[in-house]
Structures are given as C-alpha cells and as structure tokens.
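I opened this entry to record what I looked up, one topic at a time, beginning with empty space and going on to charged pairs, a helix and a few single residues.

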Amino acid sequence: MKHNFFIRYFLLLAAQILLCGYFHLTPYIMLSILPAMVLCIPTRIGTPTAMVIAFLSALAVDFLAEGLPGINALALVPVAFCRKTLCGLIFGSELLVREDSFSIAKYGALKVIFAISVVQALFLLVYLWADGGGARPLGFNLLRFVCSLAAGVLLSVPVTHVLCPDDR
C-alpha cells in the first residue's frame with residue numbers, strides 16, 4: 001500500500017476522541033467517524049481481525065471520551081462484521097478478490113456515500129437503541145437518528161478520502 005493506513009487510522013481515532021470529548025453540538029446530533037473508519041479497513045484484513053480493531057478502537061473512544069463504557073464498541077462491531085459483505089454488494093466482488101481499496105475516484109461519489117450511509121445507519125441504530133432508545137419518545141429518537149446520520153455522512157466523506165485515497 002502506498003500510504004500507511006494505520007498511522008492515518010490512529011490519527012483519525014484521536015480526532016474521534018477529541019470530537020466526542022469536546023464537540024457536543026446538540027442532543028439531536030451524535031457525531032461519529034468510526035463507522036467510516038472501519039469501512040475503510042483494507043479488504044485484505046479478515047473479518048475477525050477487523051472486528052477486533054473495531055472493538056479496540058471503540059473501547060478507546062468509550063473510555064477516553066464517552067464515559068459510557070462499551071456503547072461505541074457494541075455499535076461498531078456489527079459494522080466490522082458486515083464490512084466485507086457490504087463492500088461486495090455495493091462495490092462488487094472484484095474489490096474483494098483483488099483485495100483492493102475503494103475510493104470516490106474509482107467507484108464514484110454515489111456508491112461511496114451510499115456505503116457510508118449504510119454503515120452509519122447500522123452504527124446509529126445500535127448506538128441509539130443502547131443509549132436508552134426505549135426510554136425516549138419515538139419522535140426524539142427518529143429526529144436524532146436522521147440528524148446524526150446526515151452529520152455523520154457529511155463528516156465521513158473526507159475520512160474515506162484520507163483513509164482510501166485514489167492510488168491509481
């Protein structure tokens with residue numbers, strides 16, 4: 001790989017910790033770039049290893065910024081579990097066979113944004129459910145989901161560009 005993925009990954013993990021620790025805009029928006037980071041883990045890395053990376057990354061965020069141990073880990077591990085299947089469905093099985101990475105230049109902005117939206121939605125569904133989804137009104141939860149999804153996708157597009165640059 002022409003760029004060092006894991007150095008960039010750890011720098012973005014530090015950015016996520018700062019984001020969770022210091023940028024609480026409103027109760028309706030929960031910002032996370034973790035799902036996009038896990039989506040960008042190279043396809044040559046197997047699912048069990050990706051799940052461990054996701055678990056450890058999310059646990060770091062939980063303990064260093066969130067204050068509720070395990071909530072990010074609970075929500076991020078399913079993203080890592082579905083990562084390869086999702087990449088195969090959206091970008092095609094050729095990506096998995098070649099153990100290549102995706103980028104906006106290779107696959108187009110719509111496909112990449114769709115993939116980011118799916119992993120963000122999966123992450124948010126589990127996260128919001130674990131964060132007391134049953135104790136809050138449905139309208140609040142739906143509004144929080146929609147606002148968090150929109151903000152997360154917008155924030156995640158540059159993250160995928162950093163982690164998966166076009167290396168053609």
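I took a pocket to be an open set of grid points with protein on both sides within 12 Å along at least five of seven lines, and a volume to be the space filled by probe spheres set on the points. The model I worked from is predicted.

**Pocket.** With that definition I looked up the largest pocket and noted a volume of about 210 Å³. Its lining has 13 residues, of which His-24, Ile-29, Met-30, Leu-31 and Arg-144 are the closest to the centre. When I sorted the lining by class, I found nine nonpolar, two polar and two charged residues.

**Cavity.** I then searched the whole structure for enclosed space and found one cavity of 30 Å³ or more. The volume I noted for the largest cavity is about 30 Å³. Among the residues that line the largest cavity are the run Leu-39, Cys-40, Ile-41, Pro-42 and Thr-43, and I also found Cys-87, Ser-101, Phe-102 and Cys-164 there. By class I recorded seven nonpolar and two polar residues in this lining, with no charged residue.

**Salt bridges.** How many salt bridges does the model hold? I counted two. In one of them Asp-131 pairs with Arg-144, and the closest N and O atoms are 2.8 Å apart. This pair links distant parts of the chain, since Asp-131 is in the loop between α7 (109-130) and α8 (138-163) while Arg-144 is in helix α8, 13 residues apart. I checked whether Arg-144 is buried or exposed, and its relative accessibility of 8% makes it buried, because buried means under 20%. Arg-144 is also the residue I had met close to the centre of the largest pocket.

The other entry joins Arg-98 to Glu-94, with 3.5 Å between the closest N and O atoms. I placed Arg-98 in the loop between α5 (93-97) and α6 (104-107), and at 46% relative accessibility I entered Arg-98 as partly exposed. I also looked up how far Arg-98 is from Ala-73, and the two C-alpha atoms are separated by 29 Å, with these positions 25 residues apart along the chain.

**Helix α1.** Helix α1 (residues 5-22) has 18 residues, and from its first C-alpha to its last I read 26 Å, close to the 26 Å expected at 1.5 Å a residue. I listed its buried residues as Phe-5, Tyr-9, Leu-12, Leu-13, Gln-16, Ile-17, Leu-19 and Cys-20. They lie on the same side of α1, because the arc they cover around the axis is only 160°. An α-helix has 3.6 residues a turn, so residues three or four places apart point the same way. On the face of α1 turned away from the buried side I found Phe-10, Leu-11 and Tyr-22, which are exposed.

**Single residues.** I looked up Ile-45 in the loop between α2 (34-39) and α3 (47-66), where its relative accessibility of 10% makes it buried. Ile-45 and Lys-84 are 39 residues apart along the chain, and their C-alpha atoms are separated by 9.6 Å. Leu-154, by contrast, is found in helix α8 and counts as exposed at 67% relative accessibility. From Leu-154 to Leu-86 I noted 68 residues in sequence and 20 Å in space, C-alpha to C-alpha.

Notes: Residues are numbered from 1 along each chain as its sequence is written. This is a predicted model: local features need pLDDT of at least 70, side-chain atom pairs count only at pLDDT 80 or more; totals for chains, interfaces and linings use all residues. Side-chain values use heavy atoms; hydrogens and water are left out. On a 1 Å grid over the protein atoms alone, a cavity is a set of points where a 1.4 Å probe fits but cannot get out, and a pocket is an open set with protein on both sides within 12 Å along at least five of seven lines; lining residues have an atom within 4 Å of a point. Ala, Val, Leu, Ile, Met, Phe, Trp, Tyr, Cys and Pro count as nonpolar, Asp, Glu, Lys and Arg as charged, and the others, Gly among them, as polar. A salt bridge is a side-chain nitrogen of Lys or Arg within 4 Å of a carboxyl oxygen of Asp or Glu. Helices (H or I, at least four residues) and strands (E, at least two) are DSSP runs, numbered from the N terminus. Buried means under 20% relative accessible area, exposed over 50%, partly exposed in between (1.4 Å probe, protein chains only). The expected span of a helix is 1.5 Å times one less than its number of residues. The arc is that of the directions from the helix axis to the C-beta atoms.
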